[in-house]
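Q: Got a minute to walk through this one with me? I'd like to go over the strands, the chain contacts and any odd backbone spots.

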Amino acid sequence: MLACLCTVLWHLPAVPALNRTGDPGPGPSIQKTYDLTRYLEHQLRSLAGTYLNYLGPPFNEPDFNPPRLGAETLPRATVNLEVWRSLNDKLRLTQNYEAYSHLLCYLRGLNRQAATAELRRSLAHFCTSLQGLLGSIAGVMAALGSPLPQPLPGTEPTWAPGPAHSDFLQKMDDFWLLKELQTWLWRSAKDFNRLKKKIQPPAAAVTLHLEAHGF
Amino acid sequence: MVFQIQISRFNSSNIIWVGNYSTTVKQNQVLHWSWESELPLECATHFLRIRSMVDDASFPKSTIWSNWSSWEKVDVQDSLGQDTLFVFPNDKLVEEGSNVTICYISRNNQNNISCLLEDEQINGEQLDPHVFAFNLNNVPFIRETGTNFYCQRNKTVKGIVLFVSKVLEEPKDFSCETQDFKTLNCTWDPGRNTDLRKHASQRYTLFEFYSGEKKLCKHKNWCNWQITQDSQETYNFTLIAENDLRKRSVSILFNLTQRVRPMTPFSVSFETVSATNAMMTWKVHSIGNYSSLLCNVELYGEGRMIQQHNVSVKVNGEFLLSELEPNTKYTAQVRCAYDKHIWKWSEWISQSFITLEAAPSVALDVWRNVKSKPGSQNVILFWKPLSKFHANGKILFYNVVVENLDQPSRLEHYTIPAPANGTELSLDQSSYEIRITANNSVGSSPASVIVISGNSTEEVEEEKIKGTEDGFPVSWKPHSGDVLGYVVEWYDCPQDQLCDFQWENVGPGNTSIVISSDAFRPGVRYNFRIYRISTKRIAYLLEKKTGYSKELVPSTKPQVVMNNLTPHSFTLSWENYPTESQPGFIQGYHVYLKSKARQCHPGFEKANLPEITDDPLCCKYKIDNPEQKRFIVENLQPESFYEVQVTPYTSAGEGPGEAFMKVTTPGEESHKLIRILLPMIFCILVIMIACYMKSQWVKEKCYPDIPDPYKSSILSLIKSKENPHLTIMNVNDCIPDAIEVINKPEGTKIQFLGTGKSVTELEFTKPAYLYLLPTEKNSSSPSPCICFENFTYNQAASDAESCGHVLEPPFVPPSQLGLVTSSESLLKTLEKSYMNSLEEIPAEETNLNYVSQLASPMSGDKDSLPTNPQVPVHCSEYKMQMAVPPCLTASPLSEKSSLSSVTLLDQDEHFH
C-alpha cells in the first residue's frame with residue numbers, strides 16, 4: 001500500500017489536473033503595475049521634496065495649497081467617488097494611460113529647466129520610471145484587449161509657458177504638476193488594486209482522483 | 001540741444017525727478033530717452049513734461065528754455081486685467097546687494113493682505129488706498145530659481161520672483177599658450193557663477209587687438225584661438241566677461257614664441273637593456289621645421305632620483321642610461337620644453353625597466369656554531385643574505401663544499417635552496433674547510449671560507465659588561481700575530497638558543513665594538529663570545545662577556561629559611577635563590593631587622609625606607625657578596641620579638657622580599673632547660689622502650705599479680721616505725737574453703753557517667769556473698785582460718801565514656817550473686833552496655849591501674865577529697881586492691897563513683 005502511494009506521489013507532476021499551464025492572464029501584470037505605482041509614489045516623495053526646496057517658500061511649505069490657476073491643462077486626478085466606482089476597466093485604464101502620458105511630457109519639460117545637475121539626474125531617473133509605468137499600463141490594456149488611446153496630431157502637450165506667464169506662475173505650475181502626479185499615483189494604486197481584485201481568478205480547485213487497488 | 005524733463009508721481013504737482021538730456025539733433029529726428037523708476041510704473045500713475053534749450057555756442061541768443069510741454073500721463077493700471085490683486089515688478093533681475101521696491105495693487109476693499117519675502121512677512125508703505133510698496137534693501141542671493149515675494153488674501157496667492165544675481169567677477173589667471181604654433185589655448189579662472197534659471201547670461205569673449213578679431217567663447221574658463229598663417233608674433237588679447245547686469249575685461253600682451261609649451265613626448269621605450277646600461281628612446285611632436293626641443297630625462301630608483309640629464313631633440317630622442325645596478329627596477333621619465341624660450345615644460349611621460357642580473361658581487365658573511373660530541377662535531381653554518389645591491393639578482397641556492405683537511409681528497413657538496421640562511425653539518429673530529437657561495441641565475445659569489453678545527457674549544461672566564469643606550473661596548477685584549485680578524489657572536493633572544501643568532505665581524509686592527517640591536521631588552525642577560533680568526537681561518541674563543549642592556553631590580557623573592565634559633569641569635573639562609581636568572585647582576589642582599597631596641601645591632605644601620613617607620617626600629621645589614629646566602633643574626637635579646645626580611649639588590653635597586661619573618665627568641669632558662677630536658681626525655685624514652693621490651697619481667701618484678709607481702713615497702717615501713725615485732729601471717733598455713741565477700745552496708749549508687757544520667761540506683765540491703773568452691777566437700781563448718789576481704793582482684797574495665805558503668809559479669813547468675821538488682825531489665829541493659837563497652841574499649845585503656853591497698857584516698861587526688869568524704873574504711877587491716885579505670889584515676893572521684901561502684905571480677909581471675 002505504501003509502495004502504491006509512493007508511486008502515485010512520484011508521478012504527481014505528470015498528473016494533468018495539477019499542471020497549471022497556459023496564459024496566466026493579466027493578473028501578474030496588474031500586480032506589477034500596482035507595485036510600480038507604489039514604488040513611484042515613494043520615489044516621488046523624495047523628488048518632490050528636493051524640487052520644492054529648489055523652488056523655495058512658499059512652495060516647499062507643507063500646508064501651501066494655492067488655487068489651481070495656471071495648471072488647468074494638467075490632467076486632474078481627483079474625481080467623484082461614485083464616478084470612480086462606476087468606471088469600467090477600459091475607461092479606468094485609458095484615463096490612467098492618458099494622464100501619465102501628459103504628466104510625463106510635462107515632467108520632461110521640468111527636467112530641461114532644472115538648473116542643478118543633481119536635480120536633472122533625479123528627474124531623468126523618475127521620468128524613466130514613469131515611462132516604465134506607462135508601458136506597464138499599456139501591457140495591462142493589451143492583456144485586457146483594450147486599444148491604446150491615439151494622441152491627436154498637433155495636440156502634443158507642452159510645458160512651455162506663454163510670454164505672459166510669470167516666473168511665479170511657472171513655479172506654481174511646477175508645484176501643481178508634482179502635486180497632481182502624486183495624486184495620480186495614489187489614485188492609480190487604488191485603480192490597480194481594484195482591478196487586481198476584479199481580474200484575479202478564484203483559487204484553482206484541484207481534484208486528484210486516485211484509484212487504489214488492493215487497499 | 002538740452003532737454004529738461006520733469007516726472008511727477010500720483011499727480012502732476014508731485015514732482016519726483018528732474019533731469020537734463022543733451023544731444024545733437026537733426027531735423028525730423030526722433031529722439032529716445034529712457035528712465036527707470038525705482039517704483040514699478042504699474043504701481044502708480046506718473047506724469048512727465050519736457051522743455052528744451054539750444055545749447056550751442058554759435059547761437060548764444062537762443063539759450064532760453066522753451067515752455068514746458070503739457071503733462072503726459074503714464075498709467076498702466078487700466079490694462080492689467082480683471083484680477084483683484086497684482087504684485088509688481090514682474091520677474092526683476094538685480095545684482096546681489098541692490099535695493100528693490102515691490103508693490104502690490106489691490107482692487108478690493110478688503111485689506112487682509114499679507115505679503116512675505118520667502119517665508120518672512122514684511123510690512124509695506126501705503127502709497128494710495130489700493131497700493132502698498134515694499135522697499136527691500138541689500139537683497140542677497142538665495143537660489144538660482146530666484147527669491148519669492150508673494151502676497152495672499154484668503155485663497156488668492158499672487159507673487160513675483162526676484163532674480164538676484166551674484167556680482168560678476170573679473171577673470172583671473174588669464175593666459176594663453178601654444179603647443180604647435182597653430183592654436184593658442186587661453187585659460188582663465190572665471191570666479192563665481194552668476195547664472196540663474198532663465199537668466200544664464202554669463203559669457204566670455206576673446207578680442208585680439210592687432211588683428212581686430214573677436215571670438216565668443218563656448219566655455220566659461222577656456223577658449224581656443226586659431227593662429228593665422230601670416231605668422232603674427234605679438235598678440236594683445238582682451239578677455240571680456242559679461243552678463244545681463246555687468247561687464248568686465250582683462251588683457252594680456254605676449255610674444256608667441258614665449259608662450260610655447262610642447263606636447264607631451266610619446267613612444268618612450270628602452271632598448272638594449274643590460275645589467276648596467278639601458279638605451280632610452282622617445283619621440284616628440286614637431287613644433288616647426290627648424291625648431292628643436294630641450295628634453296629633461298630623470299632616472300628614479302627605489303623612489304628617489306638617481307640621474308638627471310638634458311637632451312636636445314628634434315623629432316626622436318635617445319639617451320644611454322649607464323651606471324645602473326644589475327637586476328634593479330628603474331623608472332625613467334622625460335619632458336620637453338621649447339629650447340629658445342622655456343615657458344613651460346610639457347607633461348612628464350614615464351616608463352619603467354629592470355636591468356639584467358649579474359653574478360653576486362661579494363662573498364657571504366658566514367659564521368658557525370660548533371657543538372662537539374664524543375667522536376663527532378655538529379656544525380651549524382649561518383650566513384647573512386646578500387643585500388639586493390650585492391646579490392645582483394635573485395639568489396636561487398647556496399653551495400656548501402666541505403673538505404676534510406686531514407684527508408684532502410674528500411670533498412662533499414651540498415646545495416641549499418634559497419632563502420635558507422644556514423645549514424647543519426655533522427662531521428667527525430677531523431679538521432674541515434667549508435666554502436660557501438651564493439648563486440643566482442648568472443653565476444656564483446666569491447666563496448666564504450671557514451675552517452673547523454677538530455680541537456675542543458677551550459673555556460675562558462666570563463666577564464661582566466654593562467650595556468648603554470647605544471648598545472654593548474665589547475672590547476677584548478689584542479692578540480698578537482696570527483689574526484685575520486675577530487668575530488663577536490651573541491643571541492638576540494637568549495632564552496631561545498635558536499632565535500636570531502647574531503655575529504659581527506671586526507677587523508684585525510680593532511679590539512672593540514659596540515653591539516647594538518633593536519632586539520635588546522632591559523632585564524635580559526646577553527652573552528657575547530669573542531673569537532679570533534686565524535690566518536688559517538680557524539676561530540679561537542678569546543673572551544666571554546655577559547651583561548644587561550639595562551639592569552632591572554631583582555624579580556624573584558628569596559625563600560628565606562630560619563634555623564639555629566637561640567636566645568641570642570638565629571640563622572637565615574636562602575640557598576636556593578637563583579642569582580643567575582635575575583634581570584640584573586645580584587650585587588648582594590639586604591637583611592632588615594625590626595626590633596624594639598633603640599639602637600641597631602653592630603653591623604646594622606638604620607634603614608631609611610619610606611614605608612618603614614621607626615616603631616619598631618628597622619635596621620639594615622648589607623651583604624655585598626651575592627654568593628653569601630646565609631646570615632647569622634647575632635646579639636639578640638632573649639625572649640624578644642624580632643621581624644626579619646632579606647631582599648636582593650642589583651645596580652638598579654632593591655628587589656622584593658618575602659614578608660617580614662616574625663621571630664621570638666627563647667629565654668635562657670628554657671634554653672638551658674631544654675638542654676637538660678632533652679637528654680632526660682631521651683633517657684626516659686630509652687627506659688620506656690626497655691621496659692616495654694622487658695614488660696613481663698618488670699611486671700613480675702615490680703607489680704606481680706599477687707603482691708608478695710614480704711616485698712611490700714609498707715612492711716618495712718611499719719616495721720621500722722610502728723611495730724618492729726609485727727610479723728606477716730602466712731596464708732599458706734590454712735586452707736580456705738570460702739571467701740566471704742561482704743559488701744558495704746551503705747547504699748551503692750551506680751551512675752552512668754558517660755551519659756551523665758543516673759540510670760538506676762541499687763540499694764544493697766544485705767551483703768552479697770561470693771561462694772568459692774570448698775576445697776573439701778565435707779568441710780561444712782567454717783574453718784578457724786581468717787577470712788578476709790580481698791577486692792584487689794576486682795577489675796573494672798571502662799573507657800572514658802563508660803566510666804561508672806556497672807558492668808556485671810555475665811556469668812554470675814543473679815541468684816548466686818544474691819544482690820544486686822531486682823530488675824532484670826536493668827541487668828540486660830547493663831549486660832548490653834557491658835558488651836558494648838568491651839567492644840569499644842581500646843586495648844590500652846583496658847589496662848588496670850594498680851591502687852595500693854593501703855593508699856588512702858587522701859593520698860591520691862586531692863580534689864577528690866570533698867567528693868568522697870563519707871567512704872568508710874572498714875577493712876583497715878587489709879585494704880582491698882582495686883583495679884580502677886584510668887579515667888577514674890584521672891578524674892575527681894564523685895559520690896556516685898565511690899569504691900563500691902567497682903565491679904567484681906571473675907573469681908577465676910582472682911586466684912590464678
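**Strands, contacts and odd spots**

A: Sure, and keep in mind that this is a predicted model. Let's start in chain B, where strand β30 (residues 397–404) and strand β33 (residues 432–439) run antiparallel and are joined by eight bridges.

Q: Which residue in β33(B) stands opposite V400(B)?

A: That's I436(B).

Q: What's the strand order in the open sheet they belong to?

A: The order is β31-β30-β33-β34 in chain B, four strands with antiparallel pairing. β31 (411–417) and β34 (448–452) of chain B are at the edges with a single partner strand each, so each has one side without a neighbour in the sheet. From one strand to the next, the twist averages 20°.

Q: And what holds strands together in a sheet, in general?

A: Backbone hydrogen bonds do the pairing, in either a parallel or an antiparallel arrangement.

Q: There's also an open sheet with β23 in chain B. What order do its strands come in?

A: That one goes β24-β23-β26-β27, again four strands of chain B with antiparallel pairing. Its edges are β24 (304–313) and β27 (349–354) of chain B; each has a single partner strand, so one side of each is left without a neighbour in the sheet. The twist there averages 20° from one strand to the next.

Q: How many bridges join β23 to β26 in chain B?

A: Nine, between β23 (residues 293–301) and β26 (residues 329–338) of chain B, running antiparallel. Within that pairing, L293(B) has Y338(B) in β26(B) as its bridge partner.

Q: What about the start of chain B, how do β1 and β2 pair?

A: They're antiparallel, with seven bridges between β1 (residues 2–9) and β2 (residues 15–22) of chain B. F3(B) has Y21(B) of β2(B) opposite. The hairpin of β1(B) and β2(B) has five residues between the strands, and F10(B) in that hairpin has a positive phi near 70°.

Q: OK, switching to the chain contacts. How many residues of chain B are in contact with chain A?

A: 20 residues of chain B, and they contact 23 residues of chain A. The area buried between the two chains is about 1600 Å², and carbon and sulfur atoms give 53% of that.

Q: Which three residues supply more than any other three of the area chain B buries there?

A: V157(B), R197(B) and K198(B), with 34% of the area that chain B buries against chain A.

Q: How many salt bridges cross that interface?

A: One, between chain B and chain A. It pairs the side chains of R197(B) and D174(A), at 3.8 Å from N to O. Between the chains there are also seven residue pairs in polar contact.

Q: Where does the largest share of chain B's side come from?

A: From β13(B), with six residues. Both β12 (147–153) and β13 (156–165) of chain B supply at least two residues of the side touching chain A. By type, chain B's side of the interface has six nonpolar, five polar and nine charged residues.

Q: How many salt bridges are there over all chains?

A: The structure holds 22. One within chain A is D89(A) with K198(A), where the closest N and O atoms are 3.3 Å apart. D89(A) is in helix α4 (residues 89–113) and K198(A) is in helix α6 (residues 167–199) of chain A, so this pair ties together parts that are 109 residues apart in sequence.

Q: Now the odd backbone spots. What's usual for phi and peptide bonds?

A: Phi is negative for most residues other than glycine, and most peptide bonds are trans.

Q: So where is a cis bond in chain A?

A: From P57(A) to P58(A), with omega near 10°. P58(A) sits in the loop between α2 (27–55) and α3 (81–86) of chain A.

Q: And which residues does a cis bond join in chain B?

A: A418(B) and P419(B), with omega about 10°. P419(B) is in the loop between β31 and β32 (422–428) of chain B.

Q: Last one: what's the phi of N154(B)?

A: It's positive, about 55°, although N154(B) is not a glycine. You'll find N154(B) in the loop between β12 and β13 of chain B, and those are the strands that each supply at least two residues of the side touching chain A.

Methods: Residues are numbered from 1 along each chain as its sequence is written. Chains are lettered from A and ligands numbered from 1 in the order in which they are written. This is a predicted model: local features need pLDDT of at least 70, side-chain atom pairs count only at pLDDT 80 or more; totals for chains, interfaces and linings use all residues. Side-chain values use heavy atoms; hydrogens and water are left out. Two strands pair if DSSP finds at least two bridges between them. Axes are lines fitted to C-alpha atoms, for helices over the stretch in contact, and angles run from 0 to 180 degrees between N-to-C directions. Contact means heavy atoms within 4.5 Å. Buried area is the accessible area (1.4 Å probe) that two parts lose on being put together, summed over both. A salt bridge is a side-chain nitrogen of Lys or Arg within 4 Å of a carboxyl oxygen of Asp or Glu. A polar contact is a pair of N or O atoms within 3.5 Å; within protein, one must be able to donate a hydrogen and the other to accept it, and residues adjacent in sequence count only if both atoms are side-chain atoms. Ala, Val, Leu, Ile, Met, Phe, Trp, Tyr, Cys and Pro count as nonpolar, Asp, Glu, Lys and Arg as charged, and the others, Gly among them, as polar.
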